[in-house]
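Trainee: Could you take me through a single part of this structure in detail? I would like to look at one strand and what lies around it.

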Amino acid sequence: DRLKSGLTKTRDNFVSGIDSLFSGFSEIDDDFYEELEEILIMADIGVNTTDRIIEDLKEKVKEQKIKEVSVCRELLMDTIKQQMQVDETAYEFEHKTSVVLMIGVNGVGKTTSVGKLAGQLKAQGKKVILAAADTFRAAAIEQLTEWSNRAGVEIIAGQEGGDPASVVFDAVNAAKARKADVLICDTAGRLHNKKNLMEELRKINRIIEREFPEAYRETLIVLDGTTGQNALVQAKQFAEVADISGIVLTKLDGTARGGIAIAIQSEMNIPVKYIGIGEQIDDLQKFDADKFVDALFE
Ligand code: GDP
């Protein structure tokens with residue numbers, strides 16, 4: 001299916017490593033765990049999460065007195081799935097009006113993800129409005145305008161260099177007036193200046209709260225999956241300045257480092273809500289940890 005083919009590069013390494021592990025060992029011993037550790041780390045699952053997975057697995061193997069390597073494969077999948085469990089969150093966009101802030105540094109795929117999401121929600125019959133609140137770059141406004149045309153949704157944009165909060169103000173009021181289902185705001189993410197970023201987000205959030213207190217809110221951080229462990233570092237940095245409700249992990253089609261999804265969800269306790277597995281509108285998929293792990297192992 002589409003998920004499996006989108007994850008081809010990650011699966012290529014991972015599946016063959018796992019296959020040779022489970023066919024190469026007949027006994028579950030230290031060497032087995034060592035090789036497993038290497039495979040998980042090579043897939044960018046990260047040292048911390050890998051350690052937790054292996055500790056968990058060892059415990060289960062002991063408890064259940066498992067000797068057969070073949071049984072261990074299922075157990076490993078379950079263990080990874082359990083590591084990825086996060087606190088339940090309400091599913092987004094089923095509320096009357098949702099206001100979504102998209103944050104993330106340049107180049108991670110933020111504008112593309114906003115456009116894809118807008119296109120999908122529109123196709124589901126929802127009324128979507130976009131706010132080009134990344135006023136820092138003219139290119140960002142142009143690009144989002146293109147996506148709004150492609151998706152057939154309205155866009156509220158300000159001038160380059162204008163106040164992002166005033167774009168959000170206009171957009172929130174447009175969303176209210178037009179009874180929109182979802183307002184998606186593309187914001188600038190300049191992490192090198194944390195104080196500015198924090199202030200800008202605070203200002204934007206204050207406006208949404210004041211103008212539209214009854215709206216359902218989401219703050220999604222967009223991360224570039226091809227950067228592997230750096231994506232996790234970035235998520236942690238953003239979590240210091242913003243109240244993140246979900247993660248969008250992009251470009252998983254172009255990388256063998258897809259295991260980063262496991263590391264991020266496991267370490268952040270914030271759900272990965274979407275993954276990007278290509279450049280077309282449909283290549284943004286709702287993330288399901290169980291299906292993701294199944295796709296990696298099959
Ligand atoms: P922004 O600066 O964060 O807004 O990033 P853009 O949305 O402009 O995306 C940067 C580049 O990444 C563009 O060329 C996008 O087409 C590409 N891109 C975004 N998401 C994906 C994805 O899931 N897969 C692939 N292959 N490319 C993507």
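Mentor: Happily; we will start with strand β1, follow its neighbours, and finish at the ligand.

Keep in mind that this is a predicted model. Strand β1 covers residues 98-103, and six of its six residues are buried, so the strand is largely enclosed by the rest of the structure. It helps to think about the two faces separately. In a regular strand, side chains alternate between the two faces of the sheet. For β1, one side carries S98, V100 and M102, while V99, L101 and I103 sit on the other, and all of these residues are buried. Both faces of β1 are therefore covered, with under 20% relative accessible area as the cut-off for calling a residue buried.

Now for the strands that pair with β1. One partner is β4, residues 182-187, which runs parallel to β1 and is joined to it by five bridges. Within that pairing, L101 faces C185 of β4. Another partner is β5, residues 216-224, also in the parallel sense, with six bridges linking it to β1. You can trace this pairing residue by residue: S98 has Y216 as its bridge partner in β5, and I103 stands opposite I221.

Let us step across to β5 itself. Eight of its nine residues are buried, so β5 too is largely enclosed by the rest of the structure. Strand β5 also pairs with β6, residues 246-250, again parallel and over five bridges. Here I221 turns up once more, this time opposite I247 of β6. That makes I221 a handy landmark, as it stands opposite I103 of β1 and opposite I247 of β6.

With the strands in place, have a look at the ligand. There are 18 residues around the ligand, and G107, T111, T112, D253 and E279 come nearest. Helix α6, residues 110-123, gives the most to this shell, with four residues. By character, the shell holds three nonpolar, nine polar and six charged residues.

Some individual contacts are worth finding on your screen. A polar backbone atom of G109 is 3.0 Å from an oxygen atom of the ligand. D253 places a polar side-chain atom 2.7 Å from a ligand nitrogen, and an N or O atom in the side chain of E279 is 2.4 Å from a ligand oxygen. On its own the ligand has 590 Å² of accessible area, of which the protein covers 79%.

One last annotation: UniProt, in an unreviewed entry, places the feature "domain: SRP54-type proteins GTP-binding" at residues 271-284. In this model that span is 0% helix and 43% strand, and its end C-alpha atoms lie 15 Å apart.

Conventions
Residues numbered from 1 in each chain as written. Predicted model: local features only at pLDDT ≥ 70, side-chain atom pairs only at ≥ 80, totals over all residues. Heavy atoms only, no water. Near = heavy atom within 4 Å. Polar contact = N/O pair within 3.5 Å; in protein donor to acceptor, adjacent residues only side chain to side chain. Areas by Shrake-Rupley, 256 points an atom, 1.4 Å probe, with all protein chains shown as cover. Helix = DSSP H or I, 4+ residues; strand = E, 2+ residues; numbered from the N terminus. Nonpolar A, V, L, I, M, F, W, Y, C, P; charged D, E, K, R; others polar. Buried < 20%, exposed > 50% of the residue type's maximum accessible area, 1.4 Å probe, protein only. Pairing = 2+ DSSP bridges. UniProt positions renumbered as here; feature names shortened; annotations may be inferred.
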